[in-house]
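User: Hi! I'm new to reading protein structures and would like a close look at one part, the aromatic pairs. Could you walk me through them and then show me how they sit in the whole?

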Amino acid sequence: MRTDIDPGELGFGGFYRILTSVVVPRPIAWVSTRSADGVDNLAPHSFFTVSCVRPPMVQFTSVGAKDSLRNVLDTGEFVVCLATEPAFERINATGTDFPAELSEFTEVGLTPEPSRTVAPPRVAESPVALECRLEQTVSLGDSTVVIGRVLHAAIDADVFETDERGTALPAIDRLRPLARLGRDEWSTIGQVLDISRIPYDRWPGHFRR
């Protein structure tokens, strides 16, 4: 038996809680921006993904007009840093609604690191930073999708591992990313499953009923 839920009857707030409980796990964009007045802002956004490969683009969604969105619209730049398990409490703390004139870097005790191609700083405590220039925004109801072109990636050397093909790639157990779940819940990577895609010419058909 299933429970049928009508978003209109439940209301936006209630259905938002349903959505964030079932669209899981969600990767977290730890977004660094700089205001037109030069104040550095840092906030976690869990509506985040890759939006294009060629050219490389990523996107995050601002629910409402938050400081991250205002700064990106004013300056056209942002940095996405990887949200990691060791920084869990400080990542959560950067979600506090500090006044716009205060920098989360200072309030939470994080180290701003100069970026190479944009003005907003990287988070020195994060092993990955994607420096982005605003490509476009898409307004959807009460939210704004922010799409940025990745101009530069800065990744700690010690998270790389050479795979069986001899390619050096970031290793998931060295990155230790966090994800958002429902309620006030977060998750770590947990068990990692490894499986290759099956080419059609090798398709065994064993999933057929």
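Analyst: Happy to help; we will go through the aromatic pairs, then the protein around them, and end with a hairpin. Please keep in mind that this is a predicted model.

The structure holds three aromatic pairs, and we will look at two of them in detail. Let's start with Phe60 and Phe78. Their ring centres lie 5.4 Å apart and their planes meet at 80°; an angle over 60 degrees counts as edge-to-face, so that is what this pair is. Now look at where the two residues sit along the chain. Phe60 belongs to strand S5 (residues 57-63) and Phe78 to strand S6 (residues 77-82), so the pair ties together parts that are 18 residues apart in sequence. Both partners are hidden from the outside: Phe60 is buried, with a relative accessible area of 1%, and Phe78 is buried too, with a value of 0%.

The next pair is Phe88 with Trp186. Here the ring centres are 5.3 Å apart and the planes are at 75°, so this pair is edge-to-face as well. It links distant parts of the chain, with Phe88 in helix H4 (residues 88-93) and Trp186 in strand S14 (residues 186-187), 98 residues apart. Phe88 is not buried: its relative accessible area is 34%, which makes it partly exposed.

Now let's step back to the whole protein. It has six helices and 14 strands, and its C-alpha atoms fill a box of roughly 60 × 55 × 30 Å along the principal axes. Of its 209 residues, 35% are buried. Links between distant parts of the chain show up in the contacts too: among those with a separation of 6 or more, 56% join residues 24 or more positions apart. On the outside, the protein exposes about 13400 Å², and carbon and sulfur atoms supply 51% of that area.

One more place is worth a visit: strands S2 and S3. Strand S2 (residues 29-34) pairs with S3 in the antiparallel sense over six bridges, and Trp30 stands opposite Pro44 in S3. The two strands form a hairpin with five residues between them, and Gly38 in the turn has a positive phi of about 90°. Strand S3 (residues 40-45) has five of its six residues buried, so this strand is largely enclosed by the rest of the structure.

How values were computed
Residues numbered from 1 in each chain as written. Predicted model: local features only at pLDDT ≥ 70, side-chain atom pairs only at ≥ 80, totals over all residues. Heavy atoms only, no water. Phe/Tyr/Trp six-rings, centres within 6.5 Å; stacked < 30°, edge-to-face > 60°. Helix = DSSP H or I, 4+ residues; strand = E, 2+ residues; numbered from the N terminus. Buried < 20%, exposed > 50% of the residue type's maximum accessible area, 1.4 Å probe, protein only. Contact = heavy atoms within 4.5 Å. Areas by Shrake-Rupley, 256 points an atom, 1.4 Å probe, with all protein chains shown as cover. Pairing = 2+ DSSP bridges.
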